[in-house]
Amino acid sequence: MKNIKTRSNCLISCSLDIVGDKWSLLIIRDLIFSDRCTYGDFLKSDEKIATNILASRLKMLEENGIIIKSEHPESKAKVLYSLSEKGINLLPIIIEVNLWAEKYFDVAEDYKPLLKEIKKDKEAFIKDYTKTLKKKFNL
């Protein structure tokens, strides 16, 4: 893993050096909650990430051990991206950001069932979904 140049010893600052840009958490979101796992899949997200930015973020996330890049079983022209255990451990952060945003923004209808499920028992959801992700990404 590449050593990251950090701005300070502040844990929040160090974390933001990895996932604090405009796109990284969206890539992680797609790996967690959708079946997006290829470069082309990420380009199809509603946020319309530019190809050069996507390539840069995927490389940075891989270098920092958040995602794993592997060969696509059906096409030599494609690669698959999956979350590492370190990436899966961002699940609670993703959930908290969603719960915070729900208070201040309109929630898309297709997202409401997920939020309802999370709010029933957040800790149980995190525990169960972490197991699901580990199985999905063969960890």
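A salt bridge is a side-chain nitrogen of Lys or Arg within 4 Å of a carboxyl oxygen of Asp or Glu. In this predicted model, R29, D30, R36 and E47 are linked in a network of such bridges. The structure holds ten salt bridges.

**The salt-bridge network**

The table gives the pairs that involve R29 or D30 in this network.

| Pair | Closest N and O atoms |
|---|---|
| D30 and R29 | 2.9 Å |
| R29 and E47 | 2.9 Å |
| D30 and R36 | 3.1 Å |

R29 sits in helix α2, while E47 is in the loop between α3 (39-43) and α4, so their bridge ties together parts that are 18 residues apart in sequence. D30 bonds in two directions: to R29 and to R36.

How buried or exposed are the members? The cut-off for buried is under 20% relative accessible area. D30 has a relative accessible area of 3%, so D30 is buried. R29, at 17%, is buried too. R36 has 24% relative accessibility and therefore counts as partly exposed. E47 is also partly exposed, with 31%.

**The largest pocket**

Two members of the network also help to line the largest pocket: R29 and E47 are among the residues closest to its centre. The volume of this pocket is about 730 Å³. Its lining counts 26 residues, and L26, N98 and Y111 join R29 and E47 as the closest to the centre. Two elements, α2 (24-33) and α6, give two or more residues to the lining. Helix α6 provides the largest share, six residues.

**A nonpolar surface patch**

W100, Y104 and F105 make up a nonpolar patch on the surface. Together they have about 410 Å² of accessible area. F105 belongs to the loop between α6 (91-104) and α7 (112-120). Its relative accessibility is 52%, and exposed means over 50%, so F105 counts as exposed.

**Helix α1**

Which residues of α1 are buried? They are S13, I18 and V19. The buried residues of this helix pack against α2 and α4 (51-63). Helix α1 itself covers residues 11-19. S13 has 12% relative accessibility and so counts as buried. Beyond its neighbours within four places in sequence, S13 is in contact with R7 and S8.

**In brief**

Helix α2 recurs in this account. It holds R29 of the salt-bridge network, it gives two or more residues to the pocket lining, and the buried residues of α1 pack against it.

Key: Residues are numbered from 1 along each chain as its sequence is written. This is a predicted model: local features need pLDDT of at least 70, side-chain atom pairs count only at pLDDT 80 or more; totals for chains, interfaces and linings use all residues. Side-chain values use heavy atoms; hydrogens and water are left out. Helices (H or I, at least four residues) and strands (E, at least two) are DSSP runs, numbered from the N terminus. Buried means under 20% relative accessible area, exposed over 50%, partly exposed in between (1.4 Å probe, protein chains only). Contact means heavy atoms within 4.5 Å. Patches are made of residues with over 30% relative accessible area and no salt bridge: like charges are joined within 9 Å, nonpolar side chains (Val, Leu, Ile, Met, Phe, Trp, Tyr) within 5 Å. Accessible areas come from the Shrake-Rupley method with a 1.4 Å probe; for residues, only the protein chains shown count as cover. On a 1 Å grid over the protein atoms alone, a cavity is a set of points where a 1.4 Å probe fits but cannot get out, and a pocket is an open set with protein on both sides within 12 Å along at least five of seven lines; lining residues have an atom within 4 Å of a point. Grid points are joined across faces, edges and corners, and a volume is the space filled by probe spheres set on the points.
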